[in-house]
Amino acid sequence: MALKNKIFLAIALSTVLGMATAKAYIVPGGGGQTPPPQGGIQPLPPQQPQQPVPPPIPAPGDNGGYQGGGYPGGGYGPGYPTQPSNGQETRSIQVRRRIMNEQLPILRLANLDRGYNGYIVQSITVYASGSSPRSEVALIINGQRDANAYSPRGAVTLVPRYRAEIGQVRDIQLQVSGGVDLDSVVINIMAPNGGGYPPGNGGGWGREITVPLSVARRMLGNDRLDISPYINMNQYRGMRITAIEIEAAALYQVGFIDVLINSFGQGQSLQIGNYVQRYTVVPQDAVIGQSAASIVLSTRGDMDIRGVTLRLRR
């Protein structure tokens with residue numbers, strides 16, 4: 001009888017000790033048990049899941065590494081303006097989609113409304129990441145076909161052949177024939193009379209100023225171009241012309257330009273090559289409104305005149 005009691009007490013004591021050991025490894029509030037540590041190494045606390053990092057917000061005009069596909073919503077991005085410099089300003093239209101046989105109203109897409117009447121559209125640059133064979137982009141100005149380029153890729157600049165003044169020009173369309181992966185369209189405009197100093201502010205005294213003129217014209221054979229109407233004679237009257245810079249390219253081999261001020265030739269004829277270059281003429285005693293009442297470019301050979309810039313000094 002005594003032996004049975006001893007065995008019963010031993011079993012009871014073993015059960016009590018086992019329960020105490022198990023309770024030592026219950027995590028308070030954990031809802032369960034963890035196994036005892038091995039070799040005295042304590043278990044690590046559970047890690048909180050990391051919050052996802054939001055993507056950066058792209059800056060205006062940034063294509064965010066665009067590799068093709070449509071602009072969000074399948075439409076067009078706004079025309080972002082730049083700060084004017086010498087009366088010049090740039091508007092960018094974000095397209096970011098493949099254009100198939102469409103016409104884009106670029107003045108409206110760039111928000112160039114009546115508030116820009118009198119501004120001159122100097123050029124339109126098309127940025128394309130690719131195009132199908134035999135594709136074409138062309139400017140349609142007031143319903144008339146103008147400058148064009150075939151199978152555009154990269155940056156392609158279209159320059160209107162004639163003066164494209166907003167208000168006088170009712171509409172400018174970019175016509176796409178075929179398929180073009182069009183990223184963006186950039187419109188370069190210039191303020192009336194090329195900006196510069198307003199009359200009477202004295203800003204031009206003692207320093208040279210630059211006045212770009214919105215001259216874009218194709219010359220064929222023996223031709224003449226009077227650039228006097230592109231200059232505000234009243235604004236710059238009395239200022240001396242220190243240089244005339246002409247950007248031009250011959251269509252075939254070479255061409256020639258003579259600069260005539262009040263019907264008198266200024267230096268030797270300029271020989272124009274078949275890629276766009278800037279040529280400079282330094283006139284003699286040419287004062288706007290006095291000894292320089294008229295400025296004419298007389299050309300021989302077929303060529304494109306892309307721009308004319310005057311350098312003036314009081």
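**Figure 1. Overall view of the predicted model, with its accessible surface and secondary structure.** Accessible areas are calculated by the Shrake-Rupley method with a 1.4 Å probe, and for residues only the protein chains shown count as cover. On this basis the accessible surface of the protein comes to about 18,300 Å², of which 53% belongs to carbon and sulfur atoms. The model is predicted, so that local features need pLDDT of at least 70 and side-chain atom pairs count only at pLDDT 80 or more, while totals for chains, interfaces and linings use all residues. Residues are numbered from 1 along each chain as its sequence is written, and side-chain values use heavy atoms, with hydrogens and water left out. The protein has three helices and 17 strands, where helices (H or I, at least four residues) and strands (E, at least two) are DSSP runs numbered from the N terminus. Of the 314 residues, 40% are buried, a term that stands for under 20% relative accessible area, with exposed meaning over 50% and partly exposed in between (1.4 Å probe, protein chains only). Among contacts (heavy atoms within 4.5 Å) between residues at least 6 apart in sequence, 74% join residues at least 24 apart.

**Figure 2. Close-up of the largest pocket, with a volume of about 400 Å³.** Of the 27 residues that line this pocket, Q88, Q122, E247, R306 and G307 are the closest to its centre. A pocket is here an open set of points on a 1 Å grid over the protein atoms alone, where a 1.4 Å probe fits and protein lies on both sides within 12 Å along at least five of seven lines; lining residues have an atom within 4 Å of a point. Grid points are joined across faces, edges and corners, and the volume is the space filled by probe spheres set on the points. Strand 3 (120–131), strand 8 (208–213), strand 11 (240–250) and strand 17 (303–313) each supply at least two residues of the lining. By class, this lining has twelve nonpolar, ten polar and five charged residues, with Ala, Val, Leu, Ile, Met, Phe, Trp, Tyr, Cys and Pro counted as nonpolar, Asp, Glu, Lys and Arg as charged, and the others, Gly among them, as polar.

**Figure 3. Close-up of the second largest pocket, with a volume of about 240 Å³.** Among the 14 residues that line this pocket, the closest to its centre are A147, V159, R218, D304 and R306. Two or more lining residues come from each of strand 5 (144–150), strand 6 (154–158), strand 9 (217–219) and strand 17. The lining divides into seven nonpolar, two polar and five charged residues.

**Figure 4. Close-up of S135, in the loop between strand 3 and strand 4 (136–141).** S135 counts as buried because its relative accessibility is 0%. Its side chain reaches the backbone oxygen of S132 at 2.7 Å, a polar contact in the sense of a pair of N or O atoms within 3.5 Å, of which, within protein, one must be able to donate a hydrogen and the other to accept it, and for which residues adjacent in sequence count only if both atoms are side-chain atoms. Not counting residues up to four places away in sequence, S135 touches A149, Y150, S151, P152, S177, G178, G179 and V180.

**Figure 5. Close-up of N142 and S151, two loop residues with positive phi.** N142, in the loop between strand 4 and strand 5, has a phi of about 50° although it is not a glycine, and with a relative accessible area of 27% it is partly exposed. S151, in the loop between strand 5 and strand 6, has a phi of about 45° and is likewise not a glycine; its relative accessible area of 35% makes S151 partly exposed.

**Figure 6. Close-up of S184 in strand 7 (residues 172–190).** S184 has a relative accessibility of 10% and therefore counts as buried. Its C-alpha atom is separated by 6.3 Å from that of V126, although the two residues are 58 residues apart along the chain. With neighbours within four places in sequence left aside, S184 is in contact with S92, I93, Q94, V95, T125, V126 and Y127.

**Figure 7. Close-up of S228, in the loop between strand 10 (223–226) and helix 3 (233–236).** S228 counts as buried because its relative accessibility is 10%. The side chain of S228 reaches the backbone nitrogen of I295 at 2.9 Å, and the C-alpha atoms of these two residues, 67 residues apart along the chain, are separated by 5.5 Å. Leaving aside neighbours within four places in sequence, the contacts of S228 are with M233, A293, S294 and I295.
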